[in-house]
Amino acid sequence: MRMYDIIEKKRNGEELNSEEINFFIKGYTEGSIPDYQASAFCMAVYFMGMTENETVILTEAMANSGDTVDLSMFGNKSADKHSTGGVGDKTSLIVAPIVAALGGKVTKMSGRGLGHTGGTVDKLESIPGYKTTLFQEEFISQIEKVGMAIIGQSGNLTPADKKLYALRDVTATVDSIPLIVSSIMSKKIAAGSHNIVLDVKCGSGAFMKTLEDAEILAREMVKIGKGCGRNMAALITDMDRPLGSAIGNSLEVIEAVKVLKGELVNDLKEVCVSIASEMISLVYSISHDEALKMVNDTLNSGKAFMKMKEWISAQGGDTNFIDNTDLFRKAEFSFDILAETSGYITSMDTEKIGLTSVILGAGRASKEDSIDFSAGILIYKKTGDEIRKGEKIATLFTNNNASLDDAVKMYNSSIAVSSVKPEQKPLIYKIIR
């Protein structure tokens, strides 16, 4: 078998078989297939696409290219969630304790933030003592005892995806649905969970800017996940405005704690309750409405908050910071953003707001950048809200005073105001099962 023939076959729009796709993934991972042939393969896929069967085979081949996690001992109770990335997205910190408190086994490997989107691992590292790395035995043991664990991506998980993603990034082949789906789903399959819920973000702060594109991606991932033998659901959620009121690592942990304590009812809680309900629906094979009641009861009883403390403690975190969030270090400098005119906020460029937090030190412009855990933004007014000239609409926090001027300009440029109240968009556009 020659890689040349596989490239030619896909270039001509023919369907590849299992042997051919596995030959490519094995050879590229091991280094016997060079970058230039892998690039040609990706470009052929970009233009000619892949059938559902091809994408399932590619996903499984990438998932099996390195280490995999065996969660079979948990039967149908293992559950995972994945977000395509957004601004203010701290849903994992809320959803995972809810599902674990209800008997699910939540196994999550999360990434760090890069660019305008934040990362769950960075948020958790703002809690003193929290360990984002566990040996596999520790990981499984904690899930058995606590019902959940959230760690950073470690080990040799999906090495084929790591190589292919880096290649796609520099060969203009990122925007290919089969390649996007196989990249995301291979990591989820390798991580071992039987039930997977996807949160596909849509809007100015998301990778998928339009509802049409988000729905295509969501449906394809659900289809491929089911083809790989998993229970699947996907929510398409709004990212034309930041999620919740806090952006920045410790600020987002504080907001998550408030939701779990029952002190905060906002858009963040609504999205988290929906995601958690879908996960519980899959875990117990029950209706969404039945699962929704279980989720709300667990939140209202305080069991989800207690589960958060148990989880944080199990991974070495200081739960005094969860009981009393005033203990989190405060940024040295702050600046209030005041409304420049009266009216209604008609739109927010969420990507620009995310980049504002990066300027303040809460995110990374490159992988090598360090994170300021106390930097970030608190938002008081969002799309659809009425504002009056001079009213405080947000506060910026940083330990680098020199960054404030650029951050203020960026934030102000992200807000559009009109005298006409805009039509409110839904938080959750669709649920695909």
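Let's start at Ser403: setting aside neighbours within four places in sequence, Ser403 is in contact with Ile359, Leu360 and Thr398. The residue is found in the loop between β11 (392-398) and α17 (404-413). Although Ser403 is a loop residue, Ser403 is buried, with a relative accessible area of 5%. Keep in mind while reading on that this is a predicted model.

**Helix α2**

Now over to α2, which covers residues 18-30. This helix has 13 residues and reaches 18 Å from its first C-alpha to its last, close to the 18 Å expected at 1.5 Å a residue. At its start, Asn17 lends a hand: a side-chain oxygen of Asn17 comes to within 3.1 Å of the backbone nitrogen of Glu19. At the other end, just after α2, Gly31 takes a positive phi of about 100 degrees.

Which residues of α2 are buried? They are Glu20, Ile21, Phe24, Ile25, Gly27 and Tyr28. And what do these buried residues pack against? Their partners are α1 (3-11), α3 (35-48), α4 (52-63) and α8 (159-170).

**Helix α5 and the loop before it**

Helix α5 (residues 91-101) is mostly covered, with 10 of its 11 residues buried. The buried set runs through Thr91, Ser92, Leu93, Ile94, Val95, Ala96, Pro97, Ile98, Val99 and Ala100. Just after α5, Gly103 has a positive phi of about 100 degrees.

Take Ala100, which is found in helix α5. Ala100 counts as buried at 7% relative accessibility. Leave out its neighbours within four places in sequence, and Ala100 is in contact with Val106, Val146, Gly147, Met148 and Lys307. Ala100 also shows how the chain folds back on itself in space: Ala100 and Ala304 are 204 residues apart in sequence, yet their C-alpha atoms are 7.9 Å apart.

Then there's Lys90, in the loop between β1 (78-83) and α5. Is Lys90 buried or exposed? At 1% relative accessibility, Lys90 counts as buried, because the cut-off for buried is under 20%. Not counting residues up to four places away in sequence, Lys90 touches Lys123, Leu243, Gly244, Ala246, Glu252, Glu255, Ala256 and Leu268. With Ala246 there is a polar link as well: the side chain of Lys90 reaches the backbone oxygen of Ala246 at 3.0 Å. As for Ala206, it sits 116 residues from Lys90 along the chain, and the two C-alpha atoms are separated by 15 Å.

**Helix α11 and a pocket**

Two of the residues that Lys90 touches, Glu252 and Glu255, are among the buried residues of α11. Helix α11 has 13 residues and reaches 19 Å from its first C-alpha to its last, close to the 18 Å expected at 1.5 Å a residue. Like α5, which is mostly covered, α11 is mostly covered: 11 of its 13 residues are buried. That group includes Asn249, Ser250, Leu251, Ile254 and Leu260. Just after α11, Gly262 takes a positive phi of about 85 degrees.

Helix α11 also helps to line the second largest pocket, which holds about 360 Å³ of space. This pocket is lined by 18 residues, and the closest to its centre are Ala246, Leu251, Ile254, Lys258 and Leu378. Which elements each supply at least two residues of the lining? Those are α11 (249-261) and β9 (376-379). Of these, α11 gives the most, with five residues.

**Cysteines**

How many disulfides does the structure hold? Zero. Two of the cysteines are set out below.

| Cysteine | Nearest cysteine sulfur | Distance to that sulfur |
|---|---|---|
| Cys42 | Cys228 | 18 Å |
| Cys202 | Cys272 | 18 Å |

Why is Cys42 in no disulfide? A disulfide needs two cysteine sulfur atoms within 2.5 Å, and the nearest one to Cys42 is 18 Å away. For Cys202, the nearest cysteine sulfur, that of Cys272, is also 18 Å away. Both residues are tucked inside: Cys42 is buried with a relative accessible area of 0%, and Cys202 is buried with 4%.

Technical notes: Residues numbered from 1 in each chain as written. Predicted model: local features only at pLDDT ≥ 70, side-chain atom pairs only at ≥ 80, totals over all residues. Heavy atoms only, no water. Helix = DSSP H or I, 4+ residues; strand = E, 2+ residues; numbered from the N terminus. Expected span 1.5 Å × (residues − 1). Buried < 20%, exposed > 50% of the residue type's maximum accessible area, 1.4 Å probe, protein only. Contact = heavy atoms within 4.5 Å. Polar contact = N/O pair within 3.5 Å; in protein donor to acceptor, adjacent residues only side chain to side chain. 1 Å grid on protein atoms, 1.4 Å probe; cavity = no way out; pocket = protein on both sides within 12 Å on 5 of 7 lines; lining within 4 Å. Points joined across faces, edges and corners; volume = space filled by probe spheres on them.
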